[in-house]
Amino acid sequence: ERLARLAADMCRCRKLLLVVGPCFTESLFCVGQLLTWLAAGGASSDVEVVAIASDDSEARDLVASFDAFHVLYARERERSARHVLVHAVEVATMSRVNDEVRALLPKVKAAGDVAVADAAQHQ
């Protein structure tokens, strides 16, 4: 059900905000949101990234997860959503999905640096 309105909602948006944490690259639903954005005509240049990282180690792990991303390792718990998302990956091709997620690497690194700086400031 959460997938049913996703494309319609994204068509009305000018930007996509991704809040990325340690599980983002493991979630087929999260990756599917990015795919839906691109399929709906969104541009990767209009994607903003906010990272969830409390220290340098978490930020490095987050960057590494995007750098090493492969859609084969992303999972979706909900069976009905999994079927739709797997089909979307098949249509887009695994290679394109991997390239699009990895293309976010500079934004993820910058967002990780901001998150670490914010966490240090609040300690």
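Buried residues have under 20% relative accessible area, exposed residues over 50%, and partly exposed residues fall in between (1.4 Å probe, protein chains only). The structure is a predicted model, in which local features need pLDDT of at least 70, side-chain atom pairs count only at pLDDT 80 or more, and totals for chains, interfaces and linings use all residues. Residues are numbered from 1 along each chain as its sequence is written, and side-chain values use heavy atoms, with hydrogens and water left out.

The protein contains 6 helices and 2 strands. These are DSSP runs, numbered from the N terminus (helices H or I, at least four residues; strands E, at least two). Their order from the N terminus is α-β-α-β-α-α-α-α.

The overall dimensions were examined next. The C-alpha trace spans about 45 × 30 × 25 Å along its principal axes. The radius of gyration is 15 Å, which agrees with the value near 14 Å for a compact globule of 123 residues. It is taken over C-alpha atoms, and the globule rule is 2.2 Å times the number of residues to the power 0.38. Of the 123 residues, 40% count as buried. Among contacts (heavy atoms within 4.5 Å) with a separation of 6 or more, 81% join residues 24 or more positions apart.

T93 sits in the loop between α4 (79-92) and α5 (94-102). Its phi is near 80°, a positive value in a residue other than glycine. Most residues other than glycine have a negative phi. T93 counts as partly exposed because its relative accessibility is 41%.

A second loop, between β1 (16-20) and α2 (28-39), holds S27. S27 has 17% relative accessibility and therefore counts as buried. Beyond its neighbours within four places in sequence, S27 is in contact with A74 and R75.

A74 and R75 also belong to the lining of the largest pocket. A pocket is an open set of points on a 1 Å grid over the protein atoms alone, where a 1.4 Å probe fits, with protein on both sides within 12 Å along at least five of seven lines; lining residues have an atom within 4 Å of a point. The largest pocket holds about 170 Å³ of space. The other lining residues are L28, V71, L72, E76, R82, V86, V89, E90 and M94. α4 gives the most to this lining, with 4 residues. By class, 7 lining residues are nonpolar, none is polar and 4 are charged.

How values were computed
Points joined across faces, edges and corners; volume = space filled by probe spheres on them. Nonpolar A, V, L, I, M, F, W, Y, C, P; charged D, E, K, R; others polar.
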